[in-house]
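Student: Could you take me through one part of this protein slowly? I'd like to look closely at a single sheet and then see how it fits with the rest of the chain.

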Amino acid sequence: MDAGYGDDGYDPAAHAACVITVDGSYAARLARHGDSWFPERWTLDGPEPYAVPLPGRQPEEPGTEVHPMGDGRVLIRRFADGRHNFALLYPTGPETGELPLGAVECPDRATLLRLLPPAPGGEKAYALAVGRRSSAVWLVAGGAFGPEHLAEIPGRCSGGVWLDGTGRMLALDREVGGRTKTIVVDLERGGEVSPLLQIADGSDDRLLLADPDSGLLLISSDAPSQGRPRLGWGVLGSTLPVRFPECLRVPDCAVTPFAIQPGQVLMPESCGVALRVDGPTGSWVGVWRPAARQVEHLPAPEGWLTGAGLWTGQGELLLPYATEGMPCGVVRWAAAGSLSGEAGGRGHPGPGEPGVGETGAGGVGPEDPDGRVDSASEPGPPEPVALRPVPLQQAPLGNLVTK
């Protein structure tokens, strides 16, 4: 199997165990103490990562969502009596301060609401409410008067990927008539909808990740494999077809991209892509670039917050982990090195240097992976003005599966 998706295209098992801001400054997760759950904020942009617990007056439910904001506060979504209640949490000495933001009511029990991935800038947060026949985008933090309804979209939507650096263009996977296609919602034009990903008339096509700097898109589609989803890649606004590399197929495993290297302006083939690989023996990390023909498989650090990670513009992959001995740690992987980390996750080997303080393995991938990944490219010029996305279409599929 190549990807594990539910009927709505969203796989809870592939959801990250913590959420990281776009700039990598903060992260948030639900931590566990015994049988109790509480929010926790991680600060990642200092000399050492550290965690701040943000417990409320009572333990949180396991399904509660937390979301880091760019100023260090943590947005929390709690559900009770048909209402999704939002608040901002922040440390106040030994206590937790809480600023209520209001609620979104969902009288129809069939409506599902979840937070969308962090938006660029970190000042605003959004949620997607999926009803029986339509979906709504809400601004739930950063507005003037509490939760604000921004757009109503016909059809059931899932996913959620930001296509620009301003938080204007939101890509969603919309199911209509039994088929799923990716659309773009323009949040500055009243939720105006336009198509983005339409590979074949009878295929299910989803956008998994996008990098605004390079335009690199990571895609799931069953078009090339008769009903079985395959991972592919394309470039935003390009007239070239989507490609489905054979190396992204791992037998008996689900492969989910979770981070793209930023800063590679106009060089999508140079971007590092981090993959979560879930197999019979557990979960591990894959690293791939579109220019490469192989995936490098890496053992996940012990205690990896599975599915969470961030690329830096310098080509380092940061993987957060938590163990009994290290409750807040970050392992760094350099393109020319290997997974390593000192206390607090700071050190990493340079080219040709041995790893320092290597972590223990969680789920282990292939025993002797020999794939190589090209070194990270130098950052390009400043980010150009983001262009409005154009539909990404597909030529005949005969020659599109690349190895």
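Tutor: Here's a walk through one sheet, followed by a look at the chain around it. Keep in mind that this is a predicted model.

Let's start with how a sheet is held together. Strands of a sheet pair through backbone hydrogen bonds, and the pairing can be parallel or antiparallel. The sheet I'd pick here is an open one with four strands, in the order β9-β10-β11-β12, and its pairing is antiparallel. Now look at the two ends of that order. β9 (112–115) and β12 (148–154) are the edge strands, and each has just a single partner strand, so one side of each has no neighbour in the sheet. If you ignore direction, neighbouring strands in this sheet are turned by 20 degrees against each other on average.

Zoom in on one edge. β9 pairs with β10 (residues 125–130) in the antiparallel sense, over four bridges. To find one on screen, pick out Leu113: its bridge partner in β10 is Ala129.

Now zoom out. The chain has 27 strands and zero helices. Of its 403 residues, 52% are buried. Take the contacts in the chain with a separation of 6 or more: 45% of them come from residues 24 or more positions apart. As for the outside, the chain exposes about 18,500 Å², with carbon and sulfur atoms supplying 51% of that.

Strands need loops between them, and two loop residues are worth a click. Asp81 sits in the loop between β6 (74–80) and β7 (83–92). Asp81 isn't a glycine, yet it has a positive phi of about 55 degrees. It is also exposed, at a relative accessible area of 79%. Leu266 is the other one, in the loop between β20 (254–260) and β21 (273–279). Leu266 has a positive phi too, about 60 degrees, and again it is not a glycine. With 68% relative accessibility, Leu266 counts as exposed.

Last stop: the empty space inside. Rolling a probe the size of a water molecule over the atoms shows where such space is left. Searching the whole structure turns up two cavities of 30 Å³ or more. The second largest has a volume of about 40 Å³. Its lining is made by Ile20, Leu44, Gly309, Leu310, Leu318, Pro320 and Val330.

Key:
Residues are numbered from 1 along each chain as its sequence is written. This is a predicted model: local features need pLDDT of at least 70, side-chain atom pairs count only at pLDDT 80 or more; totals for chains, interfaces and linings use all residues. Side-chain values use heavy atoms; hydrogens and water are left out. Two strands pair if DSSP finds at least two bridges between them. Axes are lines fitted to C-alpha atoms, for helices over the stretch in contact, and angles run from 0 to 180 degrees between N-to-C directions. Buried means under 20% relative accessible area, exposed over 50%, partly exposed in between (1.4 Å probe, protein chains only). Contact means heavy atoms within 4.5 Å. Accessible areas come from the Shrake-Rupley method with a 1.4 Å probe; for residues, only the protein chains shown count as cover. On a 1 Å grid over the protein atoms alone, a cavity is a set of points where a 1.4 Å probe fits but cannot get out, and a pocket is an open set with protein on both sides within 12 Å along at least five of seven lines; lining residues have an atom within 4 Å of a point. Grid points are joined across faces, edges and corners, and a volume is the space filled by probe spheres set on the points.
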